[in-house]
Amino acid sequence: MFDAVLFDCDGVLVDSEPITNGVLREVLNESGWALTQAECFQIFIGKAVRDERARIEAETGKPLTEAWMQAFYERRNKRLLAELQAVQGAVDAVAAIHRQVEGRIACASGADRPKVVMQLDHVGLLPYFDDRVFSGHDQPRSKPAPDVYLAAAAHLGVDPARCLVIEDTGTGAQAGIAAGATVWGYCPEGHGRAFGGLPVARVFGHMDELRRLFAAPLAG
């Protein structure tokens, strides 16, 4: 078995990406960058907004100020608190894996830490992670760099090579692979295109499947 499991948050534990990207599209449109929802997903999925600072400033013709970011965060958080739900089966899967690895799990996200903590608390998952919540915003580099996964593994005292990373985007999968971990890709649509060309060890389509796979004798 693996010694620890490191979960991404958005799109893996909570169904937040349609909400967050919807708000992001609204504020970008209001700032002068006309985007469809599909275009917004394609550009920003798995990334921090600040990672696309140069493109946002080029498309809107305006600087990406701290005031703009704070206004986006406030609008996003209000919508998340009103609409956010856990990914189907995620609470049961996390609870089961938490027991199996004796608490050696962490959440390693590219999003800002207050948002991650708020979301986990909102859906009842925070007690399983406690202080083991890590953000790419707090690291020298965010995903696809491995920094946030390396920080999570170091905090747990586990060799990254003995960690299983659960991701739903190619950007996040690259981060887990670069950290030296085994990556399993969550793909509810079932086609796995997000991981095309990446050495992802397994692709699964439902969190109940993750729970069963991890419990299997050959999971590691």
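**Group meeting: strands, cores and empty space**

Okay, let's start with a strand pairing: β1 and strand β2, residues 105–109, pair in the parallel sense over 3 bridges. Before I go on, keep in mind that this is a predicted model.

So, β1. On its other partner, strand β4, which covers residues 163–167, there are 4 bridges, and those two strands run parallel as well. If you want one residue to look at, take Leu6. Its bridge partner in β2 is Ala106, and in β4 the bridge partner of Leu6 is Val165.

Now the side chains. Which way do the residues of β1 point, and are they buried or exposed? Ala4 and Leu6 point one way from the strand, Val5 and Phe7 point the other way, and all are buried.

That fits a general habit: in soluble globular proteins, nonpolar side chains tend to be buried together. Here, the largest nonpolar core has 36 residues, and Phe7, Leu13, Leu120 and Phe129 are the ones with the most contacts inside it. Quite a list of elements each supply at least two residues to this core: β1, β2, β4 and β5 (182–186) among the strands, and α5 (90–100), α6 (113–122), α7 (126–129) and α10 (207–215) among the helices. Have a look at Phe129. Setting aside neighbours within four places in sequence, Phe129 is in contact with Phe7, Leu13, Val94, Ile105, Ala106, Cys107 and Leu120. Apart from this core there's another one, of 21 residues, and its members include Ala106, Phe134, Ala153 and Val165. Yes, those are the Ala106 and Val165 I named as bridge partners of Leu6.

On to the empty space. How many cavities of 30 Å³ or more does the structure hold? Just 1, with a volume of about 350 Å³. Lining this cavity are 29 residues, with Asp10, Phe44, Lys47, Ala111 and Lys115 lying nearest its centre. The elements giving two or more residues to that lining are α1 (17–30) and α4 (66–83). In terms of chemistry, the cavity lining splits into 9 nonpolar, 9 polar and 11 charged residues.

Last, the largest pocket. About 470 Å³ of space lies in it. The pocket has 16 lining residues, and nearest its centre you'll find Glu17, Ile45, Asp168, Pro188 and Glu189. Its lining divides into 8 nonpolar, 4 polar and 4 charged residues.

That's my tour. Happy to pull any of it up on screen.

How values were computed:
Residues numbered from 1 in each chain as written. Predicted model: local features only at pLDDT ≥ 70, side-chain atom pairs only at ≥ 80, totals over all residues. Heavy atoms only, no water. 1 Å grid on protein atoms, 1.4 Å probe; cavity = no way out; pocket = protein on both sides within 12 Å on 5 of 7 lines; lining within 4 Å. Points joined across faces, edges and corners; volume = space filled by probe spheres on them. Nonpolar A, V, L, I, M, F, W, Y, C, P; charged D, E, K, R; others polar. Buried < 20%, exposed > 50% of the residue type's maximum accessible area, 1.4 Å probe, protein only. Pairing = 2+ DSSP bridges. Core = buried A, V, L, I, M, F, W, Y, C linked by side-chain atoms within 4.5 Å. Contact = heavy atoms within 4.5 Å.
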